[in-house]
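Please read the briefing below alongside the sequence and the coordinates. It begins with the chain as a whole and then turns to individual sites.

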Amino acid sequence: KDSTAQTKSIYINHLKPMGDLAFQYITPTAWTNFLAEKDISEFTAKKIVSVLSEIYRYSVRYDLIGSDITPKIQICSKKGKKTLHRAFSPEELKKVWEDNDKIVLSMIYTGLRCGEYLALAPNDIKDNVIYVRESKTDAGKREIPIPSFIDFTLFKGSRFQLQNKIKKYSHLTHDTRHTYISLLVEAGVDTRIVKKLCGHITN
């Protein structure tokens, strides 16, 4: 998928500074030190190692190197072990409305994951209902009603461009989901319905 290729290209770009070294001679310690020096979260570091592992497995398959050393790489990022997410405050939400930022409002009031939002096509929307057909979990395949007070808009750019649109409000893309959940809970929506709308497993 285009969205998958765009996402992986972001992590591959992080590897470029190592491009002048002979790949087969880079040690696990060198990779560990390289990641430790980068100003990235643990989540991003793990994604980089995941892409790196694909490269190693490919290289082993075609006898370019002897083994996959990625299991020996230690993740120690400067930004700590967790990326903290937070909902938009009432003041921040007011700012999004003042900007009439239809993209950010579309994410906040539907609780779509970044990948789900980017994968949507016009035929996934009917009678003001979003039919999520592509998600990272089976529970994620769901129906989401579009609130009548927003002008739901599809996004035609890349994941990186979407992240930047939300970053201008000093937030991460996943913060829109936290905001959606907070708004539902504040409105008194049943917990089971909240989970279903967000694509979480319900008991």
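Among contacts in the protein chain between residues at least 6 apart in sequence, what percentage join residues at least 24 apart? The figure is 63% in this model, which is a predicted one. The protein chain holds 9 helices and 3 strands, and the points below take up its overall make-up, one helix pair and several single residues.

**Overall make-up**

- Followed along the sequence, the elements of the protein chain come in the pattern α-α-α-α-α-α-β-β-β-α-α-α, so that the strands are preceded and followed by helices in that order.
- The C-alpha trace spans about 60 × 35 × 35 Å along its principal axes, and of the 203 residues in the protein chain 38% are buried.
- About 12,500 Å² of the protein chain is exposed, and carbon and sulfur atoms supply 52% of that area.

**Packing of helix 1 against helix 3**

- Helix 1, covering residues 2-15, packs against helix 3, covering residues 42-61, with the two axes 9 Å apart and at an angle of about 90 degrees.
- Helix 1 is therefore roughly perpendicular to helix 3, since angles of 65 to 115 degrees are counted in that class.
- On the helix 1 side the contact is made by Lys8, Tyr11, Ile12, His14 and Leu15, which meet Phe43, Thr44, Lys47, Ile48, Val51, Leu52, Glu54 and Ile55 of helix 3.
- By residue class, this contact of helix 1 with helix 3 divides into 8 nonpolar, 2 polar and 3 charged residues.

**Two buried residues**

- Asp101 sits in the loop between helix 4 (90-99) and helix 5 (102-108), and it counts as buried because its relative accessible area is 6%, under the 20% cut-off.
- The side chain of Asp101 is joined to that of Tyr169 by a polar contact of 3.3 Å.
- When neighbours within four places in sequence are left aside, the residues in contact with Asp101 are Val96, Lys165, Lys168 and Tyr169.
- Thr179 belongs to helix 8, residues 175-186, and is buried as well, with a relative accessible area of 2%.
- Not counting residues up to four places away in sequence, Thr179 touches Ala87, Phe88 and Ile108.

**Loop residues with positive phi**

- Asp63, found in the loop between helix 3 and helix 4, has a positive phi of about 55 degrees although it is not a glycine, and at 70% relative accessibility Asp63 counts as exposed.
- Asp127, found in the loop between strand 1 (125-126) and strand 2, likewise is not a glycine and has a positive phi, here of about 50 degrees, while its relative accessibility of 68% makes Asp127 exposed.

**Pairs separated in sequence**

- Arg57 has its place in helix 3 and counts as partly exposed at 44% relative accessibility; its C-alpha lies 9.6 Å from that of Ile69, a residue 12 places apart from Arg57 in sequence.
- Asp138 lies in the loop between strand 2 (129-131) and strand 3 (143-145) and counts as exposed at 66% relative accessibility.
- Although Asp138 and Ile201 are 63 residues apart in sequence, the distance between them in space is 8.7 Å, taken from C-alpha to C-alpha.

Definitions and conventions. Residues are numbered from 1 along each chain as its sequence is written. This is a predicted model: local features need pLDDT of at least 70, side-chain atom pairs count only at pLDDT 80 or more; totals for chains, interfaces and linings use all residues. Side-chain values use heavy atoms; hydrogens and water are left out. Axes are lines fitted to C-alpha atoms, for helices over the stretch in contact, and angles run from 0 to 180 degrees between N-to-C directions. Helices (H or I, at least four residues) and strands (E, at least two) are DSSP runs, numbered from the N terminus. Angles under 35 degrees count as roughly parallel, over 145 as roughly antiparallel, 65 to 115 as roughly perpendicular and the rest as oblique. Contact means heavy atoms within 4.5 Å. Ala, Val, Leu, Ile, Met, Phe, Trp, Tyr, Cys and Pro count as nonpolar, Asp, Glu, Lys and Arg as charged, and the others, Gly among them, as polar. Buried means under 20% relative accessible area, exposed over 50%, partly exposed in between (1.4 Å probe, protein chains only). A polar contact is a pair of N or O atoms within 3.5 Å; within protein, one must be able to donate a hydrogen and the other to accept it, and residues adjacent in sequence count only if both atoms are side-chain atoms. Accessible areas come from the Shrake-Rupley method with a 1.4 Å probe; for residues, only the protein chains shown count as cover.
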